[in-house]
Amino acid sequence: MGQAISDRETFAGVLLTLVRERSTATGASKTSRTGLQASVPVSERPSVRRGLDALLEHGLLAVSGEDIGLTGKGKLFMAHVQRARGQPPVAQDPDDKNPAVLAAIVSAVEADDRLDPQGSMDDVRTLPARLEGYRAARAPRYSKGLLVLGGLAAAAVAFALLH
């Protein structure tokens with residue numbers, strides 16, 4: 001099993017996980033910040049927005065226009081959180097294993113009250129899975145190709161009836 005981490009570290013790790021998962025899903029190194037925030041339940045959006053602001057300020061996330069992505073520090077911290085959970089780190093930056101850097105990141109996270117989770121820790125921990133379930137539940141039942149074919153067929157029938 002891993003080591004115990006604080007609620008603020010857990011919340012920061014969950015936010016980094018959301019950014020990483022959305023980036024990986026699109027095959028990019030960044031994701032839309034507003035798109036990420038919009039995918040979160042309304043009651044949790046303010047705390048997610050504040051948390052993302054804190055992570056940007058501490059250099060765990062980088063911003064490029066409207067997009068955000070993990071930095072080397074963000075990958076290092078995310079690996080720390082994953083190890084604490086007993087998971088193998090998937091976002092580790094092999095070039096930055098300096099314990100002083102990680103200690104500074106953890107201190108900054110612990111000192112920032114914007115990373116205080118709102119609501120229960122169970123809700124915080126399950127946010128990535130809940131968002132994935134929500135996206136799957138909202139997936140269209142018909143593929144776009146099938147809808148296009150149906151539209152073309154309807155247009156052909158209408159054209160044939162009019163002539």
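Me: What distance in Å separates the end C-alpha atoms of helix α1 (residues 7-26)?
Reply: In this predicted model, helix α1 covers residues 7-26, which makes 20 residues. At 1.5 Å a residue, a helix of that length should span 28 Å. The model agrees with this expectation, since the end C-alpha atoms of α1 are 29 Å apart.

Me: How many of the 20 residues of α1 are buried, and which residue just after α1 takes a positive phi?
Reply: A residue counts as buried when its relative accessible area is under 20%, and 14 of the 20 residues of α1 are buried, so the helix is largely enclosed by the rest of the structure. Just after α1 the backbone takes a positive phi of about 75°, and the residue concerned is G27.

Me: Are α1 and helix α4 (residues 72-84) parallel, perpendicular or oblique to each other?
Reply: The axes of α1 and α4 are 9 Å apart, and the two helices pack at an angle of about 120°. The contact is made on the α1 side by E9, A12, G13, L16, T17 and R20, and on the α4 side by G74, F77, M78, H80 and V81. Angles of 65 to 115 degrees would count as roughly perpendicular and those over 145 as roughly antiparallel; α1 and α4 are therefore oblique.

Me: What is the handedness of the crossing of α1 and α4, left-handed or right-handed?
Reply: Two packed helices are described by the angle between their axes and the distance between the axes. For α1 and α4 these values are about 120° and 9 Å, and their crossing is left-handed.

Me: Is R20 buried, partly exposed or exposed?
Reply: R20 has its place in helix α1, and its C-alpha atom is separated by 9.9 Å from that of V90, although the two residues are 70 residues apart along the chain. The relative accessible area of R20 is 26%, and the class between the cut-offs of 20% and 50% is the one called partly exposed. R20 is therefore partly exposed.

Me: Which elements do the buried residues of α4 pack against?
Reply: The 13 residues of α4 should span 18 Å at 1.5 Å a residue, and the end C-alpha atoms are 18 Å apart, which agrees. Within this helix the buried residues are G74, L76, F77, M78, A79, H80, V81, Q82 and A84, and α4 is followed by G86, whose phi is positive, near 80°. The buried residues of α4 pack against α1, β3 and α5.

Me: Are α4 and helix α5 (residues 99-111) parallel, perpendicular or oblique to each other?
Reply: The axes of α4 and α5 come within 10 Å and cross at roughly 80°. K73, L76, F77 and H80 of α4 make the contact with V101, L102, I105, V106 and V109 of α5. Since angles of 65 to 115 degrees count as roughly perpendicular, α4 and α5 are therefore roughly perpendicular.

Me: Which strands are the edge strands of the open sheet?
Reply: Three strands form the open sheet in the order β1-β3-β2, with antiparallel pairing. Two bridges join β1 (residues 31-32) to β3 (residues 67-70), whereas four bridges join β2 (residues 61-64) to β3. Each edge strand pairs on one side only, and these strands are β1 and β2.

Me: Which residue in β3 is the bridge partner of V63?
Reply: β2 and β3 form a hairpin with two residues between them, and G65 in the turn has a positive phi of about 65°. Along this hairpin S64 stands opposite D67 in β3, and S32 also stands opposite D67. The partner of V63 is I68.

Me: At about what angle does helix α3 (residues 45-57) run to β2?
Reply: The chain has eight helices and three strands, which follow the pattern α-β-α-α-β-β-α-α-α-α-α along the sequence. Helix α3 lies across β2 and β3, and its angle to β2 is about 95°.

Me: What percentage of the contacts with a separation of 6 or more comes from residues 24 or more positions apart?
Reply: Of the 163 residues of the chain, 36% count as buried. Among the contacts in the chain with a separation of 6 or more, the share of residues 24 or more positions apart is 67%.

Definitions and conventions:
Residues numbered from 1 in each chain as written. Predicted model: local features only at pLDDT ≥ 70, side-chain atom pairs only at ≥ 80, totals over all residues. Heavy atoms only, no water. Pairing = 2+ DSSP bridges. Expected span 1.5 Å × (residues − 1). Buried < 20%, exposed > 50% of the residue type's maximum accessible area, 1.4 Å probe, protein only. Axes fitted to C-alpha atoms, helices over the stretch in contact; angles between N-to-C directions. Parallel < 35°, antiparallel > 145°, perpendicular 65-115°, else oblique. Left-handed = near helix turned anticlockwise from the far one by under 90°. Contact = heavy atoms within 4.5 Å.
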